[in-house]
Amino acid sequence: MLADAATDSGGTRSGTATATPQANPQATAHVTGTALAAVVTVPAAMAVAPLLPVVPTGFAARCTRALLSPWSRLSLLLVLLAGAASTVLLFHPQRLLSDGWPPQLGGAMAALVFAAAYGLCSVAFVPRPLLNLAAGALFGSQLGTGAALAGTVLGAGISFGLGRVLGQEALRPLLRGRWLKAADGQLSRHGFRSMMAARLFPGLPFWGVNYCAAVSRMRWTPFLLATALGSIPNTAAYVVAGARASSPTSPAFLIAMACIALPALGGAVVAWRKRHHLRAQ
């Protein structure tokens, strides 16, 4: 009996020992699968959560969006241009022709400072012929031409950048007329050729061409390159006229005046002949 009990007890222990490993794999697999799912799911959620954009709310966010809106930037551009024009009217840059350049500056340094002042004045709507004459009177034909061309490119770049950053987004939706769409398409598709023609054609306002190009989709490189090349004839003619103004009967002065007058006369003739075509459009 003790042997049977021992046998039964041993059999029970052995049966229990053998039955337990058969039941544990399923539970272990279930637990392992759950743990793996948790391991896979939790990091994915943790990885996706930080990528969600955080939208600022509140009064400060609304003020920021209002200040960065296209019309706010356009208003800032108009305020800057009005302030620049008012400053020019107060300081009278035409005094350069009568008073000359500050005596403490001379040579190349004076030309560099004049080029920087030229660029800022051209942004503030100072007529370029006046600045070109001053360059010739102050620095002569060669150095004056270099300073005037550098100032021309600098002023055009500043105007283009201001118009592109502060005015393009607000003004492009207003390009609805036939002429405006045609001009925008021409400047956007044929930037270098269009800008070269605008610089060579007399009578077009320098600042107006700059801001029209800024509103279009013209790129920086063709704009600046065409401005530099297209401005050479007219700029050089005015600079030479300013340098030779003391001897108005000299050949150089007469040739310079002819280079100024003939393109202006040709532009007037072309505009007169094209008037019917423009009206028909």
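Author: A charge sits over a ring if NZ of Lys or CZ of Arg is within 6 Å of the ring centre and within 35 degrees of the ring normal. The charged end of Arg128 sits over the ring of Phe206 in this way, 4.8 Å from its centre. You are looking at a predicted model, where local features need pLDDT of at least 70, side-chain atom pairs count only at pLDDT 80 or more, and totals for chains, interfaces and linings use all residues. Residues are numbered from 1 along each chain as its sequence is written, and side-chain values use heavy atoms, with hydrogens and water left out.

Reader: Happy to start with rings. What makes Phe125 and Trp207 an edge-to-face aromatic pair?

Author: Rings of Phe, Tyr and Trp (its six-membered ring) pair if their centres lie within 6.5 Å; planes under 30 degrees apart count as stacked, over 60 as edge-to-face and the rest as tilted. A search of the whole structure finds five aromatic pairs. For Phe125 and Trp207 the values are 5.2 Å centre to centre and 85° between the planes, hence an edge-to-face pair. This pair links distant parts of the chain: Phe125 is in the loop between α5 (107-123) and α6 (128-171), Trp207 is in helix α9 (residues 206-215), and they are 82 residues apart. The helices here are DSSP runs (H or I, at least four residues; strands are E, at least two), numbered from the N terminus.

Reader: Why is Trp207 called partly exposed?

Author: Buried means under 20% relative accessible area, exposed means over 50%, and partly exposed is in between (1.4 Å probe, protein chains only). Trp207 has a relative accessible area of 41%, so the residue is partly exposed. Phe125, at 31%, is therefore partly exposed as well. There is a backbone link to add: the C-alpha atoms of Trp207 and Val123 are separated by 6.7 Å, although these residues are 84 apart along the chain.

Reader: What is the phi of Phe125?

Author: Phi of Phe125 is near 70°, a positive value in a residue other than glycine. For background, most residues other than glycine have a negative phi.

Reader: How do you know that α9 is mostly covered?

Author: Eight of the ten residues in α9 are buried. Among them are Phe206, Val209, Tyr211 and Val215.

Reader: Why are α8 and α9 called roughly antiparallel?

Author: Axes are lines fitted to C-alpha atoms, for helices over the stretch in contact, and angles run from 0 to 180 degrees between N-to-C directions. Angles under 35 degrees count as roughly parallel, over 145 as roughly antiparallel, 65 to 115 as roughly perpendicular and the rest as oblique. Helix α8 (residues 191-200) packs with α9 at an angle of about 170°, with the axes 10 Å apart. The two helices are therefore roughly antiparallel. Where they meet, α8 brings Met195, Ala198 and Arg199, and α9 brings Phe206, Val209, Asn210 and Ala213; contact here means heavy atoms within 4.5 Å.

Reader: Which residues touch the most other members in the largest nonpolar core?

Author: A nonpolar core is a set of buried Ala, Val, Leu, Ile, Met, Phe, Trp, Tyr and Cys residues joined through side-chain atoms within 4.5 Å. The largest has 15 residues, and Phe114, Tyr118, Val126, Leu131, Ala135, Phe139 and Ala148 touch the most other members. Both α5 and α6 give two or more residues to this core, and α6 has the largest share, with six residues. Apart from this core lies another, of 13 residues, including Met196, Phe206, Val209 and Met218. Back in the largest core, ring pairs also link Phe114, Tyr118 and Phe139 into a cluster.

Reader: Why does Ser216 count as buried?

Author: Its relative accessible area is 1%, so Ser216 is buried. Ser216 lies in the loop between α9 and α10 (220-230). Beyond residues up to four places away in sequence, Ser216 touches Arg164, Gln168, Arg172, Asp184, Leu187 and Ser188.

Reader: And what makes Gly230 buried?

Author: Gly230 has 1% relative accessibility and therefore counts as buried. Gly230 is in helix α10 and touches Met196, Arg199 and Leu200, not counting residues up to four places away in sequence. From Gly230 to Met196 the C-alpha atoms are 5.1 Å apart in space, with the two positions 34 residues apart in sequence numbering.
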